[in-house]
Amino acid sequence: QMDRNSPLSDASKVSENTELCDLTLKYLSHHFLESISLDSVAKELGYNKSYLSRAVKEQSGIGFVRHLMSLRVFHAARLIELAADTNDGTSFSEIAFECGFGNIRSFNRSFKSVMGITPSAYKKQFLKG
């Protein structure tokens with residue numbers, strides 16, 4: 001058993017960071033459609049937000065905000081595909097808000113950043129006829 005006052009060995013720090021990163025990413029995959037932030041997730045998981053953020057970045061190479069944004073964008077992309085496929089007239093605003101984006105500008109910017117093209121260019125690929 002390790003003395004609580006002794007500094008953690010590098011190996012156990014890495015292990016703890018890996019576990020925290022996995023726990024955080026699992027939490028994000030279940031809650032990304034909700035109104036969550038680094039602050040709220042850190043509180044929910046019982047960690048300091050700087051520590052949580054650093055653990056995610058060090059273990060995955062991608063920051064917390066980028067992970068959250070990517071999950072939301074991939075979900076939005078799927079909804080855009082479905083909307084194009086069924087031609088149901090769902091607007092990008094509706095999709096943006098459903099996927100947790102606060103406004104259409106941040107949605108458009110995030111979508112292009114993750115997917116490399118705009119939501120409308122993406123939708124065109126799936127339109128029938």
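This passage describes the helices of a predicted model and two of the contacts between them.

The secondary structure of the protein chain consists of seven helices and zero strands. From the N terminus on, the order of elements is α-α-α-α-α-α-α. The protein chain has 129 residues, and buried residues make up 30% of them. Sequence separation was examined for contacts between residues at least 6 apart in sequence. Of these contacts, 59% join residues at least 24 apart.

Two packed helices are described by the angle between their axes and the distance between the axes. Helix α2 covers residues 38-45, and helix α3 covers residues 49-60. Their axes lie 9 Å apart, and the packing angle is about 100°. Angles of 65 to 115 degrees count as roughly perpendicular. The helices α2 and α3 are therefore roughly perpendicular to each other. On the α2 side, the contact involves Leu38, Asp39, Val41, Ala42 and Leu45. These residues meet Lys49, Leu52 and Ser53 in α3. By class, the residues of the contact of α2 with α3 comprise five nonpolar, one polar and two charged.

A second helix pair is formed by α4 (residues 64-86) and α6 (residues 104-115). The axes of α4 and α6 come within 9 Å and cross at roughly 95°. This crossing makes α4 roughly perpendicular to α6. From α4, the contact draws on Arg66, Met69, Ser70, Val73, Phe74, Ala76, Ala77 and Ile80. From α6, the contributors are Phe107, Ser110, Phe111, Ser113, Val114 and Met115. The residues of the contact of α4 with α6 divide into 10 nonpolar, three polar and one charged.

Helix α6 was examined further. With 12 residues at 1.5 Å a residue, α6 should span 16 Å. Its end C-alpha atoms are 16 Å apart, in agreement with that expectation. The buried residues of α6 are Ser106, Phe107, Ser110, Phe111 and Val114. Seen down the axis of α6, these buried residues fall within an arc of 130°, so they line one face of the helix. Their packing partners are α4, α5 (92-98) and α7 (119-124). The face of α6 turned away from the buried side carries Arg105 and Arg109, which are exposed. Phe107, Ser110, Phe111 and Val114 are thus named twice: they are buried residues of α6, and they take part in the contact with α4.

Technical notes
Residues are numbered from 1 along each chain as its sequence is written. This is a predicted model: local features need pLDDT of at least 70, side-chain atom pairs count only at pLDDT 80 or more; totals for chains, interfaces and linings use all residues. Side-chain values use heavy atoms; hydrogens and water are left out. Axes are lines fitted to C-alpha atoms, for helices over the stretch in contact, and angles run from 0 to 180 degrees between N-to-C directions. Helices (H or I, at least four residues) and strands (E, at least two) are DSSP runs, numbered from the N terminus. Angles under 35 degrees count as roughly parallel, over 145 as roughly antiparallel, 65 to 115 as roughly perpendicular and the rest as oblique. Contact means heavy atoms within 4.5 Å. Ala, Val, Leu, Ile, Met, Phe, Trp, Tyr, Cys and Pro count as nonpolar, Asp, Glu, Lys and Arg as charged, and the others, Gly among them, as polar. The expected span of a helix is 1.5 Å times one less than its number of residues. Buried means under 20% relative accessible area, exposed over 50%, partly exposed in between (1.4 Å probe, protein chains only). The arc is that of the directions from the helix axis to the C-beta atoms.
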